[in-house]
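The following questions and answers examine a single structure. Please consult the sequence and the coordinates as you read.

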Amino acid sequence: MNREYDLEDRLVRWAGMVCRISADQPSTPLGRHVSGQLIRCGTAPVANYAEACGAESRRDFVHKLKVCLKELRETHAWLKLLIELDLANAKAVTKAIGETNELISIFVTSVATARRNDRRSQS
C-alpha cells in the first residue's frame, strides 16, 4: 500500500477522534470556544496533507507539511487544555494526545527528510 495514503487515512481517523471529543464539549461559552478551536485545528492537517501530496515543488511540499505540523501542535495544546479544565473524557483525550504526539513526530521527520532531499537535489 502507498505510504502517503496510509498517513492520510491515519490523519482522517485522528481528525475523527478530535471531532468526537469536540462534539462532547458542554454547551457553555468555554465549551463552545474550545470545541470550535478543536474542530478548526483538528481537521486542518487532513486537507493540508492532501494538498502537500499534490505539491508543485519540493519547497511547496515542505511548506504544506510545516502547516500540518503547526496545526497538529495547536491541536495538542487545546487537548492538553481540555485535560487541565476537566472538560472531556480524560481517557479519550489522553489517547488523542498520544496519537497527536506520534503524528507530530512523523511530520517533524518528514520535513527534515524533505529539506535534506531538497538540498541534495540543488547540489
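Q: What span should the 33 residues of helix 4 have at 1.5 Å a residue, and how far apart are its end C-alpha atoms?

A: This is a predicted model, in which local features need pLDDT of at least 70 and side-chain atom pairs count only at pLDDT 80 or more, while totals for chains, interfaces and linings use all residues. Residues are numbered from 1 along each chain as its sequence is written, and side-chain values use heavy atoms, with hydrogens and water left out. The expected span is 1.5 Å times one less than the number of residues, and helices (H or I, at least four residues) and strands (E, at least two) are DSSP runs numbered from the N terminus. For residues 90–122 the expected span is therefore 48 Å, in agreement with end C-alpha atoms that are 47 Å apart.

Q: Which residue caps the N-terminal end of helix 4?

A: A side-chain oxygen lies 2.8 Å from the backbone nitrogen of Lys91. The residue that supplies this oxygen, and so caps the helix, is Asn89.

Q: Which residues of helix 4 are buried?

A: Buried means under 20% relative accessible area, exposed over 50%, and partly exposed in between (1.4 Å probe, protein chains only). An α-helix has 3.6 residues a turn, so residues three or four places apart point the same way. The buried residues of helix 4 are Val93, Ala96, Ile97, Glu99, Thr100, Leu103, Ile104, Phe107, Val111, Ala114 and Asp118.

Q: Is Ile106 buried or exposed, or does it fall in between?

A: Ile106 belongs to helix 4, and its C-alpha atom is 9.3 Å from that of Leu69, 37 residues away in sequence. Its relative accessible area is 28%, so Ile106 is partly exposed.

Q: How are helix 3 and helix 4 oriented to each other?

A: Axes are lines fitted to C-alpha atoms, for helices over the stretch in contact, and angles run from 0 to 180 degrees between N-to-C directions. The axes of helix 3 and helix 4 are 9 Å apart, at an angle of about 160 degrees. Angles over 145 degrees count as roughly antiparallel. Helix 3 and helix 4 are therefore roughly antiparallel.

Q: What is the handedness of the crossing of helix 2 and helix 3?

A: The axes of helix 2 (residues 29–53) and helix 3 (residues 58–85) come within 8 Å and cross at roughly 155 degrees, which makes helix 2 roughly antiparallel to helix 3. The contact comprises 17 nonpolar residues (Ala, Val, Leu, Ile, Met, Phe, Trp, Tyr, Cys and Pro), five polar (the others, Gly among them) and four charged (Asp, Glu, Lys and Arg). A crossing is left-handed if the near helix is turned anticlockwise from the far one by less than a right angle, and right-handed if clockwise. The crossing of helix 2 and helix 3 is left-handed.

Q: Which residue follows helix 3 with a positive phi?

A: Most residues other than glycine have a negative phi. The residue after helix 3 has a phi near 55 degrees and lies in the loop between helix 3 and helix 4. It is exposed, with a relative accessible area of 64%. This residue is Asp86.

Q: What is the relative accessible area of Gly54?

A: Gly54 is found in the loop between helix 2 and helix 3. Its C-alpha atom is separated by 21 Å from that of Cys41, 13 residues apart along the chain. Gly54 is exposed, with a relative accessible area of 54%.

Notes:
Polar contact = N/O pair within 3.5 Å; in protein donor to acceptor, adjacent residues only side chain to side chain. Parallel < 35°, antiparallel > 145°, perpendicular 65-115°, else oblique.
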